[in-house]
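Colleague: I should like to understand the terms used for this structure. Could you take me through them?

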Amino acid sequence: MELQRRAWVRGIWEALKEILLQKLLTYKLRSSPLILPNHLATLNVIVTGATSGIGLQTARELVMAGANVVMACRNVNAANEIAQQWKSEVRQYGRTLNVKVMEVDLLSLNSVRQFAVEWDQLSMPLHILINNAGILRMGERQRFSEDDGIEEHFQVNHVAPALLTLLLLPSMLKATTWRVVSVNSLAHHWGQVDSKGWNSRIEEHKFSGTKAYGSSKLVHIMFLKALAINLVELGCNSVQCIAVHPGIVASNLVPGFKKKAFWMLDTSEGARSVLYCATSNDVVDNLDKGFAYYSSNCKPGKMSPLADKLEICLEIWEETLKILGLDDKYLSTSQI
Ligand SMILES: NC(=O)c1ccc[n+]([C@@H]2O[C@H](COP(=O)([O-])OP(=O)(O)OC[C@H]3O[C@@H](n4cnc5c(N)ncnc54)[C@H](OP(=O)(O)O)[C@@H]3O)[C@@H](O)[C@H]2O)c1
C-alpha cells in the first residue's frame, strides 16, 4: 500500500515535469539527427503499430536510414500505402527501400502466433524488436478480446507483445546483438500490479480505461525486466531490453491528443527517444542485468518503485506465462 502511494506521488511529479518541462528537456536534442549510427543497413527490425503516430515515424526513420524493416500492423492496406509512398519519395534519387508489411492483430494471440510462424519462414536473425503498438481507451467501458477473453488494454499493451517477444527470442538470439524496445509510458506510475483485472470483469464503476492503461504499461515493464534477468541468469550476455517513455505526443492514441498543444511533442519528436533506445550504443552502458528504462530526453528515467521490486516482477512474469499457457520453465526448456 505504501509502495503504491509512493508510486502515485512519483507519477504526479513525473507527469508535471513532463507537461511543464518536456519541451525544454528535449530542446537540445532538436538539432541532433534522429538516428546516429551508420550500421543500420545490416539490421533487421520489426516495428509494431507502424501505421500511425510514433510507430509510423520510427519505422520511417529506420527505413530511410537503410534498415530492413517489417511493419507489423493490423491494417495492412494502410501500411502498404505508407510503404509505397516512402518508396516513391526516394525513387527519384535511384534509391530502393527495404520495407515489408506483415499482418498482426494484437487483439488475437493466434494472430501473434501466426505472425511469428511467418517471420520464422523468412529465416532471418532479428536485431531490433520495437513493441510500439498500444491503445488507451479513456472514458470507455471495459472490453475483452473476443478470441482470448483478456481486457483489451492488457492484451494489446502487455500480453500480446509479451508473447511476440517470447516467440521471436530464438530469432533474436541468432543475431550477435539484439534489442527489445517497449514503447512504454510515464502512465505506468499510476499502474497497479493486481492481475485480477487481466481476464475477469471487475465492477463497471471501479473500471477506468486510464488506470487499465497505466497498469498494462507497468506490468509490461516488469515482465521485460524479469525476462532480461531470467536470460542473464541462464548465461545469455547479449540481452538488451529497454522500456522508453516517448513523451506526451500528439497522435491518434486518444481523440484529445490529435490536436497538438504547445507543450506536446509531435510524432517525430516522440520517435526520437524510441530510435535512440533502438539504435544507440550508449544505451548498453546503462543496462542493469540487461534492462533499462529511458525517458523522452534520451536519458535513463525513473521507474515506479513497484518496478524496482524483483519479487513482484517475477510474479508478473509467472502470471504472464500462465495466461499465455506457457510452462514457467519456458526459457530453460525451449530452444533458447
Ligand atoms: N501519444 C502519447 O502521448 C504517448 C505517451 C506515452 C506512450 N505512448 C505509447 O506510444 C505507443 C504508440 O502510440 P501513439 O501515440 O503513436 O498512438 P497511435 O497514433 O494511436 O498509434 C498506435 C498504433 O498501434 C496500432 N494498434 C492499435 N491496436 C492494435 C492491434 N490490436 N493490433 C496491432 N496494432 C494495433 C495502431 O494501429 P491502427 O491504426 O490499426 O489502430 C497504430 O498503428 C503506444 O504504445 C502508446 O501507449 C504514447
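Modeller: Helices (H or I, at least four residues) and strands (E, at least two) are DSSP runs, numbered from the N terminus. By this rule the chain has 10 helices and seven strands. This is a predicted model, in which local features need pLDDT of at least 70 and side-chain atom pairs count only at pLDDT 80 or more, while totals for chains, interfaces and linings use all residues. Residues are numbered from 1 along each chain as its sequence is written, and side-chain values use heavy atoms, with hydrogens and water left out.

Colleague: Why is the chain called as compact as a globular protein of that length?

Modeller: The globule rule is 2.2 Å times the number of residues to the power 0.38, and the radius of gyration is taken over C-alpha atoms. The rule gives 20 Å for 336 residues and the radius of gyration is 19 Å, close to that value, so the chain is as compact as a globular protein of that length.

Colleague: What makes the approach of Ile54 to the ligand a polar contact?

Modeller: A polar contact is a pair of N or O atoms within 3.5 Å; within protein, one must be able to donate a hydrogen and the other to accept it, and residues adjacent in sequence count only if both atoms are side-chain atoms. A backbone N or O atom of Ile54 lies 2.8 Å from a ligand oxygen atom. A side-chain N or O atom of Arg74 is likewise 2.8 Å from an oxygen atom of the ligand, and for a polar backbone atom of Asn252 the distance is 3.2 Å.
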